[in-house]
Each structure stands twice: as C-alpha cells, then as structure tokens.
Amino acid sequence: MNDLPERSRLVQQHLIDAGVTAEIRVLPDSARTAREAAAAIGCDVSAIANSLVFVADETPVLVMTSGGHRVDLEVLARSIGATTIAMAPASVVRDATGQAIGGVAPVGHPTRLRTYIDEDLREHRELWAAAGHPHTVMPLTFDSLRHLTDGDVIAVG
C-alpha cells in the first residue's frame, strides 16, 4: 500500500474500512480514458466504470458509467430528478473528490457524494474503476460498487 500515490492510499483505506477486498493496481501509463484503461488492463471498454462528476441543480454528484457508452444528459437528468445538469469543471471535480479528472475513484472523497450507478455495469462479472490517480485502477464487482457508494442504479444513456 505504501507504493501507491497518496490519493490511492486514501481509496485503499476506504476499501479496507468498508470490508471490500480489491487490490489497487498501478499502471505504467495513464488510464485517463476508458479506452486507455481497458487497453492497459486487457478488458472490454464496457467493463470500465467511469467516475464522472456532474453538477445537478447546483450540487456535484458522482455518476459511475460504463465506458462503453456516453451519458445522455437528458436521460440522466430525468433518471435522477434534476432540473439542470452539466459536466462539472475540473475545479469542481477536484474540490468535490480531492482527485483529478481521469483518476476519480468511486470513494475516498473529502465528503460523500450522492452517487448514481449505470445499470449497464450489471452486465460484467468484474468492473474496473479508477483508484484516486490517473495511473491506478481497481477491480470491483457491481455489488461491491453499490456497497461502497450506496449508489442508486439508474439509466444514463
């Protein structure tokens, strides 16, 4: 755990505290995009659980989406009951999560974010999510992702 970047160590501690067994992997190259992560891991891009921060009715929310498709903002707004929704700027992502875009983990944030999970992620036995840094990833199951985030399962696309 000591070889991990600081933000990834926070994520690892959150996993331990939640009773979730998942070994964080440090990748030699960046995994800022779902395609980069899938190529580095050797999995299908749809098994990448993207952590995207949106501003919904002026409040940051975390949306865990399948790397296999793009989020439809109208569908997302309807699914979470938001009047307005937009991608969060980098400064909001950093403030809300303590992590940089491309490395945002589903956990390890300064305060808990309301989290929504793409129903399409259910299709995979193993998911891969960022682990707090653009070079770190971790394997999760759909159930462990729900347990960690207490997220609501929704349609996003």
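This is a dialogue on reading several features of a predicted model, from a single serine to a pocket.

Reader: Let me begin with one residue: where in the fold does Ser-46 lie, and is Ser-46 buried or exposed?

Author: Position comes before environment, and Ser-46 is placed in the loop that joins helix 2 (34–41) to strand 2 (48–56). Its relative accessibility is 17%, and because the cut-off for burial is under 20%, Ser-46 counts as buried.

Reader: Which side chain does the side chain of Ser-46 meet in a polar contact, and which residues are in contact with Ser-46 once its neighbours within four places in sequence are left aside?

Author: The polar partner is the side chain of His-124, at 3.1 Å. With those sequence neighbours left aside, the contacts of Ser-46 are Ser-66, Gly-67, Gly-68, Leu-121 and His-124.

Reader: Leu-121 is among those contacts; which residues touch the most other members of the largest nonpolar core?

Author: That core has 27 residues, and those touching the most other members are Val-11, Leu-15, Leu-121, Met-138 and Leu-140. At least two residues of this core come from each of helix 1 (6–18), strand 2, strand 3 (59–66), helix 4 (90–97), strand 6 (127–130), strand 7 (136–140) and helix 5 (142–149). Helix 5 makes the greatest contribution, with 3 residues. A separate core of 13 residues lies apart from this one, and its members include Phe-54, Leu-76, Ala-82 and Val-156.

Reader: Turning to Val-11, which residues are in contact with it beyond four places in sequence?

Author: For Val-11, with neighbours within four places left aside, the list is Ile-24, Gln-99, Ala-105, Val-107, Gly-108, Ala-131, Gly-132 and Met-138.

Reader: How should I read a helix such as helix 3, and which of its residues are buried?

Author: A general idea helps first: an α-helix has 3.6 residues a turn, so residues three or four places apart point the same way. In helix 3, which spans residues 73–80, the buried residues are Val-75, Leu-76, Ala-77 and Ile-80. They pack against strand 2, strand 3, strand 4 (85–87), strand 5 (115–118) and strand 8 (152–154).

Reader: What caps the N-terminal end of helix 3, and what follows the helix?

Author: The cap is Asp-72, from which a side-chain oxygen lies 2.9 Å from the backbone nitrogen of Glu-74. Asp-72 itself sits in the loop between strand 3 and helix 3, and it is partly exposed, at a relative accessible area of 35%. Leaving aside neighbours within four places in sequence, Asp-72 is in contact with Val-156 and Gly-157. After helix 3 comes Gly-81, which has a positive phi near 75 degrees.

Reader: For contrast, is Asp-150 buried or exposed?

Author: Asp-150, in the loop between helix 5 and strand 8, is exposed, with a relative accessible area of 56%. Its C-alpha atom is separated by 31 Å from that of Pro-28, and the two residues are 122 residues apart along the chain.

Reader: Finally, how many residues line the largest pocket, and which element gives the most to that lining?

Author: A pocket is read through its volume and its lining; here the largest pocket holds about 700 Å³ of space. It is lined by 35 residues, of which Arg-32, Thr-33, Ala-34, Asn-50 and Leu-52 lie nearest its centre. Helix 2, strand 2, strand 6 and strand 7 are the elements giving two or more residues to this lining, and strand 2 gives the most, with 7 residues. By class, the lining comprises 21 nonpolar, 11 polar and 3 charged residues.

How values were computed. Residues are numbered from 1 along each chain as its sequence is written. This is a predicted model: local features need pLDDT of at least 70, side-chain atom pairs count only at pLDDT 80 or more; totals for chains, interfaces and linings use all residues. Side-chain values use heavy atoms; hydrogens and water are left out. Helices (H or I, at least four residues) and strands (E, at least two) are DSSP runs, numbered from the N terminus. Buried means under 20% relative accessible area, exposed over 50%, partly exposed in between (1.4 Å probe, protein chains only). A polar contact is a pair of N or O atoms within 3.5 Å; within protein, one must be able to donate a hydrogen and the other to accept it, and residues adjacent in sequence count only if both atoms are side-chain atoms. Contact means heavy atoms within 4.5 Å. A nonpolar core is a set of buried Ala, Val, Leu, Ile, Met, Phe, Trp, Tyr and Cys residues joined through side-chain atoms within 4.5 Å. On a 1 Å grid over the protein atoms alone, a cavity is a set of points where a 1.4 Å probe fits but cannot get out, and a pocket is an open set with protein on both sides within 12 Å along at least five of seven lines; lining residues have an atom within 4 Å of a point. Grid points are joined across faces, edges and corners, and a volume is the space filled by probe spheres set on the points. Ala, Val, Leu, Ile, Met, Phe, Trp, Tyr, Cys and Pro count as nonpolar, Asp, Glu, Lys and Arg as charged, and the others, Gly among them, as polar.
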